[in-house]
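Let's take a friendly walk through this model, strand by strand and then residue by residue. Have the sequence and the 3D view at hand as you read.

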Amino acid sequence: METGDRITLDAVVMRRRDIMSAPVGKEIAMMNLEKGMYYGLNDIGTRIWSILSTPIAVSDLCERLLEIYDVDAEICRVEVLAFLGQLDEAGVLDVVCA
């Protein structure tokens, strides 16, 4: 299974503890020291990054976002899975339980 392919609605995920991040206005800048890569998150990505400070099932993450944002549930699931897949491929996400 490739890195980004292990994210499902049943997976339990959290941000890697060794990833440095800092607020920049309403957004977050992150650095993966291992890869020497910088990343920036928009306001919604920043909200997700904040929630990922503790392990959470992807389905529960989607439910929390649906409480905050006015978005169709299916669109939310698709977008969250895609975003988490990108974080996973960037090496900044831990999949605690797949």
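One open sheet holds three strands in the order β2-β3-β4, paired in the antiparallel sense. Its edges are β2 and β4 (37-41), each with a single partner strand, so one side of each is left without a neighbour in the sheet. From one strand to the next, the twist averages 20°. Here strands (E, at least two residues) and helices (H or I, at least four) are DSSP runs numbered from the N terminus, and two strands pair if DSSP finds at least two bridges between them.

Before going further, a word on the source: this is a predicted model, in which local features need pLDDT of at least 70, side-chain atom pairs count only at pLDDT 80 or more, and totals for chains, interfaces and linings use all residues. Residues are numbered from 1 along each chain as its sequence is written, and side-chain values use heavy atoms, with hydrogens and water left out.

Within this sheet, five bridges link β2 to strand β3 (residues 27-32), antiparallel to each other. Ala 22 has Ala 29 in β3 as its bridge partner. Helix α1 lies across β2, β3 and β4, at about 60° to β3. Such angles run from 0 to 180 degrees between N-to-C directions, with axes as lines fitted to C-alpha atoms, for helices over the stretch in contact; contact means heavy atoms within 4.5 Å.

A further open sheet of three strands has the order β5-β1-β6, again with antiparallel pairing. At its edges are β5 (56-57) and β6 (93-97), each pairing on one side only. Strand β1 (residues 12-15) is joined to β6 by four bridges, and Met 14 stands opposite Asp 94 in β6.

Two residues deserve a closer look. Buried means under 20% relative accessible area, exposed over 50%, and partly exposed in between (1.4 Å probe, protein chains only).

| Residue | Place | Relative accessible area |
|---|---|---|
| Arg 16 | loop between β1 and β2 (20-24) | 14%, buried |
| Ile 51 | helix α1 (residues 43-51) | 7%, buried |

The side chain of Arg 16 makes a polar contact with that of Asp 18 at 2.4 Å. A polar contact is a pair of N or O atoms within 3.5 Å; within protein, one must be able to donate a hydrogen and the other to accept it, and residues adjacent in sequence count only if both atoms are side-chain atoms. Beyond four places in sequence, Arg 16 touches Asn 32, Glu 34, Gly 91, Val 92, Leu 93 and Asp 94.

Ile 51, with neighbours within four places left aside, is in contact with Ile 56, Leu 61, Arg 64 and Leu 65.
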